[in-house]
Every structure is written in C-alpha cells, then in structure tokens.
Amino acid sequence: MVEKMNTIDKVREIIADIAHVKCEDLIDQVNLQEQYDLSSIDVIQMILKIEEAFGIEFSENELDPENVKNVLTITEVVNRLLELKSIN
C-alpha cells in the first residue's frame with residue numbers, strides 16, 4: 001500500500017504508464033482522455049491499477065467522468081477513499 005504523502009506521485013506514475021508519457025510531462029489539470037488520447041479501456045485500466053496500488057475500490061459515483069478527468073481529481077478521490085478506509 002502507498003503512503004498518503006506519496007498519493008499524487010503514485011497516481012501520476014500509473015497515469016503516465018497508461019498514457020505512455022513521462023511523469024514529469026504530465027499536466028495535472030488537463031483532461032487526460034483529450035490530452036493523451038486515452039480510450040475508455042485505458043481509463044478502466046488506469047482505475048484498476050490505482051485500486052490495486054492503494055487497496056481501494058472506486059464506487060460507481062467515483063467513476064463519474066468529472067472525478068477521473070485529470071490527475072488532481074483522481075488524486076482527490078483516492079485520498080477520500082483512503083480516508084474512509086482508515087476510518088473503517
């Protein structure tokens with residue numbers, strides 16, 4: 001499991017791998033599907049890798065396109081799910 005302080009770095013690493021770009025070339029605020037030409041299958045693979053890396057599970061609500069549109073929104077969802085996991 002990844003420590004919370006490294007959440008954005010790990011999210012960026014997973015996204016960069018799926019998008020076939022270097023982590024340092026990722027732009028946190030851009031729409032991932034548009035900027036990096038990710039297919040819906042790429043997005044699903046990305047979510048599955050994130051779930052596995054953090055030991056979390058995205059609900060249907062968290063899979064809303066607004067929640068998975070860029071590095072920052074995905075990291076917010078991951079942090080929220082990690083917080084909920086630590087409470088339970």
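A residue counts as buried when its relative accessible area is under 20%, and as exposed when that value is over 50%. Keep those two cut-offs handy as we walk through this predicted model.

## A first residue: Thr75

Let's try the rule out straight away. Thr75 sits in helix H4. Its relative accessible area is 7%, so Thr75 is buried. What does Thr75 touch, once residues up to four places away in sequence are not counted? The answer is Thr7, Ile8 and Val11. Two of the helices come up here: Thr75 belongs to H4, and helix H1 covers residues 7-19.

## The whole chain

Now step back and look at everything at once. The chain has four helices and zero strands, so its pattern, read along the sequence, is simply α-α-α-α. Along the principal axes, the C-alpha atoms fill a box of roughly 35 × 25 × 20 Å.

How does the radius of gyration fit with a compact globule? For 88 residues, such a globule would have a value near 12 Å, and the chain has 12 Å, which agrees.

Of the 88 residues, 41% count as buried. The accessible surface comes to about 5,600 Å², and carbon and sulfur atoms account for 48% of that. Contacts also reach across the sequence: taking those between residues at least 6 apart, 58% join residues at least 24 apart. As for charges, the chain carries 8 positive and 19 negative ones, and the mean positions of the two sets are 4 Å apart.

## Inside the core

The largest nonpolar core holds 26 residues. Which residues have the most contacts inside it? They are Met46, Ile50, Phe58, Ile74 and Val78. Helix H1 (7-19), helix H3 (40-54) and helix H4 (71-87) each supply at least two residues of this core.

Take Ile74 as one of those residues. You'll find Ile74 in helix H4, and its relative accessible area is 0%, so Ile74 is buried. Leaving out residues up to four places away in sequence, Ile74 touches Val11, Ile15, Leu32, Met46, Ile50, Asn67 and Val68. The C-alpha atoms of Ile74 and Glu62 are separated by 8.9 Å, with the two residues twelve apart along the chain.

Met46 shows the core from another position. Neighbours within four places in sequence aside, Met46 is in contact with Ile14, Ile15, Ile18, Leu32 and Ile74. Notice that Ile74 appears among the contacts of Met46, just as Met46 appears among those of Ile74.

## Out in the loops

The loops give us both buried and exposed residues. Here are four of them side by side.

| Residue | Loop | Relative accessible area | Buried or exposed |
|---|---|---|---|
| His20 | between H1 and H2 | 72% | exposed |
| Gln29 | between H1 and H2 | 56% | exposed |
| Tyr36 | between H2 and H3 | 14% | buried |
| Asp37 | between H2 and H3 | 66% | exposed |

Start with Tyr36. Why does Tyr36 count as buried? Its relative accessibility is 14%, and buried means under 20%. Its contacts, apart from neighbours within four places in sequence, are Ala19, Val21, Asp25, Leu26, Ile27, Val30 and Asn31. Tyr36 and Asp9 are 27 residues apart in sequence, and their C-alpha atoms are 18 Å apart in space.

Gln29 is exposed, at 56%, but it has contacts too. Not counting residues up to four places away in sequence, Gln29 touches Asn70 and Leu72. Gln29 and Asn70 are 41 residues apart along the chain, while their C-alpha atoms are separated by 5.7 Å. Leu72 falls in the range of helix H4 (71-87).

## Two positive phi angles

Finally, a look at the backbone. Most residues other than glycine have a negative phi. Which sign does the phi of His20 have, positive or negative? For His20, phi is near 60°, a positive value in a residue other than glycine. Asp37 also has a positive phi, near 55°, and is again a residue other than glycine. His20 lies in the loop between H1 and H2, and Asp37 in the loop between H2 and H3. Both are exposed, His20 with a relative accessible area of 72% and Asp37 at 66%.

Definitions and conventions:
Residues numbered from 1 in each chain as written. Predicted model: local features only at pLDDT ≥ 70, side-chain atom pairs only at ≥ 80, totals over all residues. Heavy atoms only, no water. Rg over C-alpha atoms; globule rule 2.2 N^0.38 Å. Buried < 20%, exposed > 50% of the residue type's maximum accessible area, 1.4 Å probe, protein only. Contact = heavy atoms within 4.5 Å. Areas by Shrake-Rupley, 256 points an atom, 1.4 Å probe, with all protein chains shown as cover. Lys, Arg positive; Asp, Glu negative; His and termini not counted. Charge placed at Lys NZ, Arg CZ, Asp CG, Glu CD. Core = buried A, V, L, I, M, F, W, Y, C linked by side-chain atoms within 4.5 Å.
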